[in-house]
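Open the model in your viewer and follow along. Each stop gives a selection and what to find there.

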Amino acid sequence: MSIAFSFIIPVYNRPDEIQELLESFKSLEGDFLYEIVIVEDGSDISSEAIVKAFQSHLNIAYYYKPNSGPGDSRNFGMRKAKGNYFIILDSDCILPTSYLKAVDNSLTHDFVDCFGGPDTAHESFSNLQKAINFSMTSFITTGGIRGKKGSVDKFQPRSFNMGLSKQAFEASHGFGKIHPGEDPDLSIRLWKLGFKTKLIPEAFVYHKRRISWEKFYTQVHKFGLVRPILNLWHPESKKITYWFPALFSAGLLCAIGLSFFKIKIFLIAYLLYFVVAFILALVSSKSLGVAILVIPAIMIQFFGYGYGFLRSTWAVSVLGKKPEIQFPKLFF
């Protein structure tokens with residue numbers, strides 16, 4: 001099958017991000033024909049002028065629609081696209097020059113209807129962005145589920161960097177109304193329909209993450225809220241590993257409490273874990289500032305996700321509450 005790529009990029013009030021992303025398209029290696037579909041999701045700050053400035057260099061289609069969330073905006077873009085294979089990106093990503101060559105080479109030799117690629121930090125990113133990137137992608141924190149290794153079970157592509165064939169989109173009807181969590185939900189539904197997914201390690205993006213400590217906590221807390229809902233919808237996807245952040249956080253609190261009674265072995269174990277994280281971050285980033293910030297980043301990630309997971313588990317699994325009513329901000 002001849003692959004014709006369409007990049008689908010929803011944007012909401014982020015014209016500066018779109019400019020950086022489109023600049024990176026101009027440097028892509030390889031002689032590929034592709035289109036870029038920008039979907040303005042009800043923004044108050046329009047990206048249209050930025051897009052128009054690139055239309056003489058890139059094949060871009062621009063659409064404005066009322067705000068309905070990123071999942072529905074991606075579906076909108078895929079319905080408008082002319083290609084037969086969609087590549088979905090977040091607006092806060094930047095492409096390396098080899099990105100499309102890596103995707104095309106992988107799909108040519110081993111075609112799948114859905115792929116995902118990892119994210120990493122660019123050298124120009126702030127120390128905070130690099131620390132959060134380490135916390136979100138390191139094997140010692142997330143176990144490789146965001147692309148640091150081939151698979152924990154089956155690889156679930158994430159929608160910041162995700163490919164989807166037109167056939168798979170039409171069969172699955174694309175993303176659902178939940179956010180976050182729309183990407184693992186789609187992956188599971190694709191498996192049930194018989195489609196395969198895979199990781200393309202070389203197809204990474206620089207993920208800028210417009211983030212602060214407060215925004216990071218909100219993000220991971222929502223991730224925790226969503227997982228029990230996905231487990232409810234797809235019981236076969238339940239895994240004990242989803243409990244780890246909550247157990248880690250509870251264990252740390254217990255270890256601190258026991259240290260007041262001179263039982264310090266558990267607290268020492270946690271300190272050793274953070275020392276290992278510090279060393280790994282220092283080696284990978286070559287920055288003392290990044291390595292120091294990794295410690296609070298990990299704690300915020302585990303406590304935020306763990307608390308959200310326990311809240312949602314209690315509400316939807318124990319009390320039987322309807323997710324859309326209990327957590328309306330997770331649905332569009």
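Start with three helices: helix 5 (127-137), helix 6 (139-142) and helix 11 (265-285). Each supplies at least two residues of the lining of the second largest pocket. Keep in mind that this is a predicted model.

Now turn to the pocket itself. Its volume is about 310 Å³. Select T120, A121, N133, S284 and S285: of the 17 lining residues, these are the closest to the pocket centre. Colour the lining by class next. You get seven nonpolar, seven polar and three charged residues.

Next stop: helix 11, on its own. Pick the C-alpha atoms at its two ends; they lie 30 Å apart. That agrees with expectation, because 21 residues at 1.5 Å a residue should span 30 Å.

Which residues of helix 11 are buried? Select Y270, F274, A277 and A281. These four cover an arc of only 55° around the axis, so they sit on the same side of helix 11.

What covers the buried residues of helix 11? Show helix 5, helix 6, helix 10 (244-259) and helix 12 (288-318), which are among the covering elements.

Rotate to the face of helix 11 turned away from its buried side. Select I265, L271, L272 and V283, which are exposed there.

Last stop: K286, just after helix 11. Check its backbone: phi is positive, at about 55°.

Terms used:
Residues are numbered from 1 along each chain as its sequence is written. This is a predicted model: local features need pLDDT of at least 70, side-chain atom pairs count only at pLDDT 80 or more; totals for chains, interfaces and linings use all residues. Side-chain values use heavy atoms; hydrogens and water are left out. On a 1 Å grid over the protein atoms alone, a cavity is a set of points where a 1.4 Å probe fits but cannot get out, and a pocket is an open set with protein on both sides within 12 Å along at least five of seven lines; lining residues have an atom within 4 Å of a point. Grid points are joined across faces, edges and corners, and a volume is the space filled by probe spheres set on the points. Ala, Val, Leu, Ile, Met, Phe, Trp, Tyr, Cys and Pro count as nonpolar, Asp, Glu, Lys and Arg as charged, and the others, Gly among them, as polar. The expected span of a helix is 1.5 Å times one less than its number of residues. Buried means under 20% relative accessible area, exposed over 50%, partly exposed in between (1.4 Å probe, protein chains only). The arc is that of the directions from the helix axis to the C-beta atoms. Contact means heavy atoms within 4.5 Å.
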